[in-house]
Each structure stands twice: as C-alpha cells, then as structure tokens.
Amino acid sequence: MTTQIEFNAVEKYYGRYHALKNVNLTIEKGEFVALVGPSGCGKSTLLRTLAGLEKISGGEVKIAGEKMNDMPPRRRDIAMVFQSYALYPHMTVEENLTYSLRTHGMKKKDAQVKAREVAETTGLSNLLERYPRELSGGQRQRVAMSRAIIRDPKAFLFDEPLSNLDAALRVHMRKEIRTLHDRLGATSVYVTHDQIEAMTMADRVVLMKEGRIEQQGAPLELYDSPANQFVAGFIGSPAMNFLPAVVGEDGHSLKLELGDGDVLPYAGKLEAGRKVTVGLRPEHLELVSAEEAQFSLPLRIAEATGATTFLFTASDPEIAVVINDRAAVTPGEPLNMRIAPELIHIFDRETGIRL
C-alpha cells in the first residue's frame, strides 16, 4: 500500500501546555482512520495540525510524501468537514458546491456540471436550488461532505461531523459517510469522542489520551486485546467492569476483593499473591442459578430497552451486566453471575498494563 499521511514525532505546545507528545502515525492511501478519545486528549489538535490550522512545535507532518510543516492550509490539498457544517447561508446548495472550484479558476458551466455529478452521488440532486436554511441537519451535513468531495483532495478530514445530529440520524449518516468513502476510494481521517462511531466506521482506530496514542489497530483488536486498562474501559459500551483481586496460590485463580471474596478461575498463569485488576465485559457475564454462580451481588437497578436489559449491582465497584433478553429481576435480588475463564482480562493494579 501507498503511504498517504505521516506524523513523525509530532509535538505541540500551547505555552506550557503539552498538547501532543511524540505522536507517530502512518495512514495508508484509501484507509479510513478514526481518532478517538476523551475531551482534551489531542485528537482534534492532531487533525488541525494535518490541516495546517495549527503549527506543530516539533516533528514532521507529511502528505503524499511531501513535508507540510510550513505549508499553508490552501496548499495541502485536503478537504475538511466540520461539526458546524460551515456553509455559506446566502448561497444555494449548488453555489456552495461550486464556490471553491470557481475561486480556483474553473468556468461556471464546468463547475455546475461537476456539482451535479457530486450531488447525484450524495443524494442532493433535487436540493441544488435550496438555501442552507431550507435544509435539515442531515441534508446540510451532506452538502458539507459534497463540498469536500467536489475538490477531489488527497485526504478528507472529519472533525466530529455528526455531533449536532439526533441519534437516529447519526446512525444513518455514519453509514452514508462510510459508503461514500468506499465508493470514492478516499483517504479519511475522522475525529470523534464516540467510540461506537469509531468502531463501526473505521478500518483502524487510534485511541488517544493526554496527547499520546495509547493503542491503534482494527476496532475488534482494541476490543479483544486492549493494551491497558484505559483502552479496555474506553472501548465497549457499557464500559468494562474492573474489580480488584489477588492471584491465588495456584496461579490460576483470582480472589475478588468484594462481596464474599469469591474466586474466579483464570485460563492463564500468574504470580501467586499478585494484586491485579480483573476486567469483565458486561456482555460476557451470564446470569445463572445460585449453584452455578461464580459470584453473586445484589441488584440495584434494571434498565429494560426491549431486546436488551442492562443490570447494575448495588456494590462498590458497581458491576454492569448486559442481557440480550428480558430479565425478570427486582432491586435487592441477588444476581448470580459467571464468566468463561478465557474472557477474563487481567491488568497490573499499579500500571494498568494488560498482563
């Protein structure tokens, strides 16, 4: 594959604040990469350094093999789609689409032909004469994407483009964006705080924390093999449960430091007496009879959503359980749980590193 974007040892300071710390990332041509993480992790800053909207403090940014450190945004040949749509309110959809082409010298008639071609691709053909105020949120976002597509750039940059949409429309639009990406063979870098968006849309997820990349890989790689407790807690919804435990004398058992000190079997082998954090995904916990249970905790609340039920225990730490069914349980009733040993994650209690 051909490398399209490179970040080499990128640093960014705002005064004394260290926003990006030795970021190294390579993105291949045609790849869809999601930058994800909590607020303040540096994901939008990294995207803005790629766009040329922020000047890096150290390192190197390359697009298609060309160093971009001192290149102004207009010469980087990238197109950016913002959360706020950033449409010209006094222009029709067609005028919004053709504006950048005409400022670069394309004749009006040729620009209009190009706009109609792109509108056909994005489902805007019957809206070309409307103004932004006459469009829904989803239609405005499609115009913003169309305006990016029409330029045929080296990369598409998306900065939380779906944040202003309602839940149902977000689901619809993320499918549209991914479909367009595949159809165009584009290189896309997508910033989001929503790990569901990242997991469902991206070829590769880059999870950031405090200006550093914590882990990158295919979405299910981060889900199945998180590098540390932060990654494990961020990827997955509801979040992974974390319980303090001590490794038993045999190295294959985990004595929980809550409830009645129940013991979980572990498929691997660890140092006896080691203090660890046990990670249990809510969807991997099973409700069983009291005789089959590995541990039991009282129910605090049950949230039924129809096909799925979310259960939360009255314990510290709280344990979440996801049941793909309807659960006939009441608050205060014991939840008898078990989990397959191979589905248990173990983290060092001090460093948070996965063992």
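**Strand pairs, a helix contact and two domains in a predicted model**

Reader: How do you know that strand 1 (residues 3-14) and strand 4 (residues 58-63) pair?

Author: DSSP must find at least two bridges between two strands for them to pair. Strand 1 and strand 4 share five bridges, in the antiparallel sense, so they qualify as a pair. One of the bridge partners is I63 in strand 4, set against I5. Strands here are DSSP runs of E with at least two residues, helices are runs of H or I with at least four, and both are numbered from the N terminus. Residues are numbered from 1 along each chain as its sequence is written. The model is predicted, so local features need pLDDT of at least 70 and side-chain atom pairs count only at pLDDT 80 or more, while totals for chains, interfaces and linings use all residues; side-chain values use heavy atoms, without hydrogens and water.

Reader: What makes strand 4 and strand 5 (residues 66-67) a pair?

Author: Two bridges join them in the antiparallel sense, and two is enough under the rule of pairing. K62 stands opposite K67 in strand 5. The two strands form a hairpin with two residues between them, and A64 in the turn has a positive phi of about 55°.

Reader: Why is helix 2 (residues 93-103) described as it is relative to helix 4 (residues 137-149)?

Author: Their axes come within 8 Å and cross at roughly 25°. That makes the two helices roughly parallel, because the class takes angles under 35 degrees (over 145 is roughly antiparallel, 65 to 115 roughly perpendicular, the rest oblique). Axes are lines fitted to C-alpha atoms, for helices over the stretch in contact, with angles from 0 to 180 degrees between N-to-C directions. The crossing is right-handed, meaning that the near helix is turned clockwise from the far one by less than a right angle. V93, N96 and L97 of helix 2 meet V143, S146 and R147 of helix 4, with contact defined as heavy atoms within 4.5 Å.

Reader: What makes strand 13 (263-265) and strand 20 (345-348) edge strands?

Author: The open sheet of five strands has the order 13-12-11-14-20, with antiparallel pairing. Strands 13 and 20 each have a single partner strand, so one side of each lacks a neighbour in the sheet. The twist averages 40° from one strand to the next. Strand 20 is joined to strand 14 (residues 275-280) by four bridges, and H345 is the bridge partner of G279.

Reader: How do you know where domain 1 and domain 2 lie?

Author: Their bounds, 3-234 and 241-348, come from an automatic or database domain assignment. The C-alpha centres lie 39 Å apart, and eight residues of domain 1 are in contact with seven of domain 2.
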